[in-house]
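Me: Got a minute to walk through a structure with me? I'll paste it in here.

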Amino acid sequence: MDKTKESKLDLVAVLRTAERLGFSEGVDNHFSCLNPNSENTFLINPHRIHWAEVCVSDIVEIDFDGQVLGNSTPPEATAFFIHSRIHKRCPDAFCVLHTHMRYATALSMLENTRVEPAVQGALKFYGQIAYHDEFGGLALDGTEGDRLAEALGEKRILFLANHGVIIVGKSVAHAFNDLYYLEQVCRAQITALSSGKNLKMIPHDIAQNTFEQMQNDRDDQATYHFAAMKRILDREKPEYKK
């Protein structure tokens, strides 16, 4: 399969799967990936199409100056400014996922709150999360996209204060895997905090060692997990490939 078509297929698969998991919000939020056949364009979901309905033929190809290739409608302005800057400036940002998913967004609303090393799953992200602690309004120009890219740096995840999260990955499968497990970790932390008791933290040396152990299986986990999600879509919603 042509690499651009394959990337469009993966992007639609992760959009559809994220919606099935309850990670979407109306017709908002945006996922993108670089075009593997071009150094100057990336692929992104179209403006105001629900993730449950998006198909491969809907995906927009756009260059880093904002010029859309083909007859597609330009993506949402905030989507362009956020994703174009992060793709250009951040290492391993082949895929960029931005959501307002429930538990991660709830965590972004709490003052001075971080994803804590209090559950094994959180150690998958130990040292890999950055925080943009000041809400700056809508990203309607390149400067806000640049600030987000700078805040993310070389990390895999960026929490946006009072807003949501951005996840980047060296492949769509890696980004999706982090998206899924991050929400599980945030759900666990929010649930534990609702008890009113203190979190029981995992010591730094154990947390760091466990993070390093998890990296040995990271590629396989991401690949098998995403492949399973695509098989489910193939059986239940095959029209996504149109």
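Me: Let's start with the largest pocket. Which residues lie nearest its centre?
Reply: Ile-82, His-98, His-100, Leu-138 and His-163 lie nearest the centre, out of 21 residues that line the largest pocket. Keep in mind that this is a predicted model.

Me: OK, noted. What volume does that pocket have?
Reply: The largest pocket comes out at about 270 Å³.

Me: And how does the lining divide into nonpolar, polar and charged?
Reply: The lining of the largest pocket has seven nonpolar, nine polar and five charged residues.

Me: Which helices supply at least two residues each?
Reply: Helix 2 (77–89) and helix 4 (142–152) each do that for the lining of the largest pocket.

Me: Switching to cavities. How many of 30 Å³ or more are there?
Reply: The structure holds one cavity of 30 Å³ or more. The largest cavity has a volume of about 60 Å³.

Me: What lines the largest cavity?
Reply: The lining includes Val-27, Asp-28, Asn-29 and His-30, along with Asn-45, Pro-46, His-47 and Arg-48. Pro-75, Glu-76 and Ala-79 line the largest cavity as well. By class, that lining has four nonpolar, four polar and three charged residues.

Me: Now the sheet. What's the strand order?
Reply: It's an open sheet of eight strands in the order 4-3-2-1-5-8-7-6, and the pairing is mixed.

Me: Which strands stand at the edges?
Reply: Strand 4 (68–69) and strand 6 (129–132). Each has a single partner strand, so one side of each is left without a neighbour in the sheet.

Me: How do strand 1 and strand 2 pair?
Reply: Strand 1 (residues 30–34) and strand 2 (residues 41–44) pair in the antiparallel sense, over three bridges. Leu-34 stands opposite Phe-42 in strand 2.

Me: What does helix 1 touch when it packs on the sheet?
Reply: Helix 1 touches strand 1, strand 2 and strand 5 (95–99), and its direction makes about 160 degrees with that of strand 1.

Me: And which strands does helix 5 touch?
Reply: Helix 5 packs on the sheet too, touching strand 1, strand 5, strand 6, strand 7 (157–160) and strand 8 (164–169). The direction of helix 5 makes about 145 degrees with that of strand 8.

Me: Last one: at what angle do helix 1 and helix 5 pack?
Reply: Helix 1 (residues 3–20) and helix 5 (residues 172–193) pack at about 10 degrees, with their axes 10 Å apart. The two helices are therefore roughly parallel to each other.

Me: Which residues meet there?
Reply: From helix 1, Asp-10, Val-14, Thr-17 and Ala-18 meet Val-172, Phe-176 and Leu-179 in helix 5. By class, that contact has five nonpolar, one polar and one charged residues.

Conventions
Residues numbered from 1 in each chain as written. Predicted model: local features only at pLDDT ≥ 70, side-chain atom pairs only at ≥ 80, totals over all residues. Heavy atoms only, no water. Axes fitted to C-alpha atoms, helices over the stretch in contact; angles between N-to-C directions. Helix = DSSP H or I, 4+ residues; strand = E, 2+ residues; numbered from the N terminus. Parallel < 35°, antiparallel > 145°, perpendicular 65-115°, else oblique. Contact = heavy atoms within 4.5 Å. Nonpolar A, V, L, I, M, F, W, Y, C, P; charged D, E, K, R; others polar. 1 Å grid on protein atoms, 1.4 Å probe; cavity = no way out; pocket = protein on both sides within 12 Å on 5 of 7 lines; lining within 4 Å. Points joined across faces, edges and corners; volume = space filled by probe spheres on them. Pairing = 2+ DSSP bridges.
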